[in-house]
Amino acid sequence: MTIDAVQYARRWKTLGVLSLSLVILGIDTSILNVALPTLQDEFGASASKLQWMVDSYLLVFAGLLLVFGTLGDRYGRKLALQAGVSIFGLASLAAPLASSSGQVITVRAAMGVGAALIMPATLSIIANVFTGEERGKAIGIWAALAAVGIGLGPLAGGLLLEWFPWWSVFMVNVPFAVAALALGIRYVPESRDPRPGSFDLLGAALSTAGFSILVYAIIEAPEKGWTSGLVIGSLTASLVLLGGFIAWERRIAEPMLDLGFFRNARFSVGTAAVSAAFFALLGGIFALTQYLQFAHGYSAIEAGAIMTPMALGLMIGAGSSSKAVARLGTSRVVAAGLFGVALLLGVTTLWDPSTSAYVLTAWFFGLTLAMGWVMAPATDAVVGAVPAAKSGVASATNTVARMVSGALGVAIIGSLVSSLYSNKVEGSLGALPPPLQTQAEDSIGAANAIAAQLPPQAASDLLATTGDAFTQAMGIGLAVGAALVAAAAVLVLRLLPAREFVAEPELRELEPRV
């Protein structure tokens with residue numbers, strides 16, 4: 001389907017609508033982390049339940065992305081986008097009806113279905129509306145505006161929780177969903193693959209089951225243990241399913257995912273760069289929100305205010321990345337961003353429970369400034385490495401890798417921080433009765449809840465001990481993430497081409513935009 005002159009003239013308005021659709025995803029991701037302590041109090045949720053509130057969304061999101069990206073290419077990317085925004089908004093409306101942590105997890109899973117439709121549709125529409133240097137600029141703006149949601153989520157969450165019930169952090173999505181739907185009808189053009197071939201049903205089933213079980217194993221590993229029968233069995237099953245998926249895709253004439261994409265270094269290395277950054281970022285933020293509220297003692301609104309510079313950092317980083325790429329090349333810009341992320345994550349080993357608010361706000365700004373230099377250029381490299389007709393499944397593949405990495409980050413960094421915290425406080429809480437000692441050693445959130453019931457001096461001593469222990473544990477956990485990100489930066493410098501190479505520009509000009 002060709003983009004006509006009117007639609008082409010509206011392309012920047014189209015970009016605005018697509019960015020608005022992503023704002024709700026960004027807000028939801030970061031606002032929930034601020035709400036976790038409130039949800040723990042509201043439902044008496046365990047650490048495992050809290051993690052499932054985060055990870056049920058990731059599990060469904062990652063499991064359905066490839067299939068929904070393919071369906072968007074086949075039946076219409078605008079249709080997929082509108083359906084996803086509708087599902088996301090309706091699931092958010094259902095949040096006030098939830099009366100248990102399990103029901104909150106179900107709402108989050110439904111939101112994951114909507115997100116799996118939204119994310120690949122936005123990028124594939126950009127790939128079909130913009131080309132060349134304009135595409136890189138458009139993806140930079142897309143990432144910058146999407147960052148507004150991520151950055152404003154914590155502050156919005158803090159303000160809402162100050163005056164409204166816990167479910168208000170879900171209801172904030174609804175007006176954005178309504179606006180995105182209304183504007184999308186007018187400004188988002190429909191497009192699809194003109195030659196989709198037959199639908200790869202077996203490939204869809206294998207990929208959905210394989211990625212879902214993989215993320216499930218990653219989520220359960222911290223609590224059950226990486227050597228438990230459930231985790232080993234799930235990991236084995238996921239590897240068998242994903243191995244079968246790869247074998248099947250290589251065998252059939254019309255695969256759902258063309259594995260030849262991975263032979264393009266811009267596609268594979270770009271995906272690896274974003275995945276490493278999200279591993280560290282999502283795992284880090286899961287720990288950082290607990291640090292701000294439990295170790296440092298900030299209220300939800302204060303923690304949100306501290307994290308607000310994330311929006312400005314991502315906007316400036318992503319917005320400036322296209323000019324930086326034009327001067328320095330993709331590989332240098334992405335590597336510089338990754339090294340910046342690694343450095344700032346490593347700095348957290350120097351923090352203590354009373355680290356200045358000025359230091360913290362500057363840190364959040366710097367971290368996301370560096371992330372902007374990773375996200376936009378690496379995503380542009382991935383999207384530009386494939387034919388426009390296959391942009392939906394390609395962007396979905398990139399996002400699957402990012403979401404699986406994010407789930408791994410939450411599981412591995414969260415598990416590491418939790419284990420280190422427990423080890424550091426073990427034997428140092430002798431003033432508490434044995435049952436309360438066990439609870440306080442399990443999580444810093446539980447320790448804070450216990451402190452609220454103690455006399456002032458005993459509460460102060462408990463908070464000081466657990467705050468120090470958690471801060472040290474968090475620093476070590478984020479240092480592990482920093483090491484992985486630094487290794488990814490070296491890989492980018494060695495393997496990612498600095499420029500997009502088009503061998504036959506005259507053929508590129510004739511390529512149909514669908």
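This passage goes through the fold of the chain, the confidence of the model and one patch on the surface.

The structure is a predicted model, and on the whole the predictor is fairly sure of itself: the mean pLDDT of the chain is 84, with 94% of the residues reaching 70 or more. Confidence peaks in helix H14 (residues 330-347), at a mean of 96, and bottoms out in helix H20 (residues 505-510), where the mean is 36. Around that low point, the pLDDT stays below 50 over residues 502-514. Even so, this stretch makes 22 contacts in the model beyond near neighbours in sequence.

As for the fold, the chain is helices and no strands: 20 of the former, zero of the latter. Its radius of gyration, 22 Å, is close to the 24 Å that the globule rule gives for 514 residues, so the chain is as compact as a globular protein of that length. Along the principal axes, the C-alpha atoms fill a box of roughly 75 × 45 × 45 Å. Contacts reach a long way along the sequence: counting those between residues at least 6 apart, 85% join residues at least 24 apart.

Burial comes next. Of the 514 residues, 57% count as buried. The accessible surface of the chain adds up to about 19,900 Å², and carbon and sulfur atoms account for 66% of that area.

On that surface, Leu-159, Trp-163 and Phe-164 come together as a nonpolar patch, with about 360 Å² of accessible area between them. Leu-159 sits in helix H6 (residues 132-163). This leucine counts as partly exposed because its relative accessibility is 35%, which falls between the 20% cut-off for buried and the 50% cut-off for exposed.

Methods:
Residues are numbered from 1 along each chain as its sequence is written. This is a predicted model: local features need pLDDT of at least 70, side-chain atom pairs count only at pLDDT 80 or more; totals for chains, interfaces and linings use all residues. Side-chain values use heavy atoms; hydrogens and water are left out. Patches are made of residues with over 30% relative accessible area and no salt bridge: like charges are joined within 9 Å, nonpolar side chains (Val, Leu, Ile, Met, Phe, Trp, Tyr) within 5 Å. Accessible areas come from the Shrake-Rupley method with a 1.4 Å probe; for residues, only the protein chains shown count as cover. A salt bridge is a side-chain nitrogen of Lys or Arg within 4 Å of a carboxyl oxygen of Asp or Glu. Helices (H or I, at least four residues) and strands (E, at least two) are DSSP runs, numbered from the N terminus. Buried means under 20% relative accessible area, exposed over 50%, partly exposed in between (1.4 Å probe, protein chains only). The radius of gyration is taken over C-alpha atoms; the globule rule is 2.2 Å times the number of residues to the power 0.38. Contact means heavy atoms within 4.5 Å. pLDDT is the predictor's confidence in each residue, from 0 to 100.
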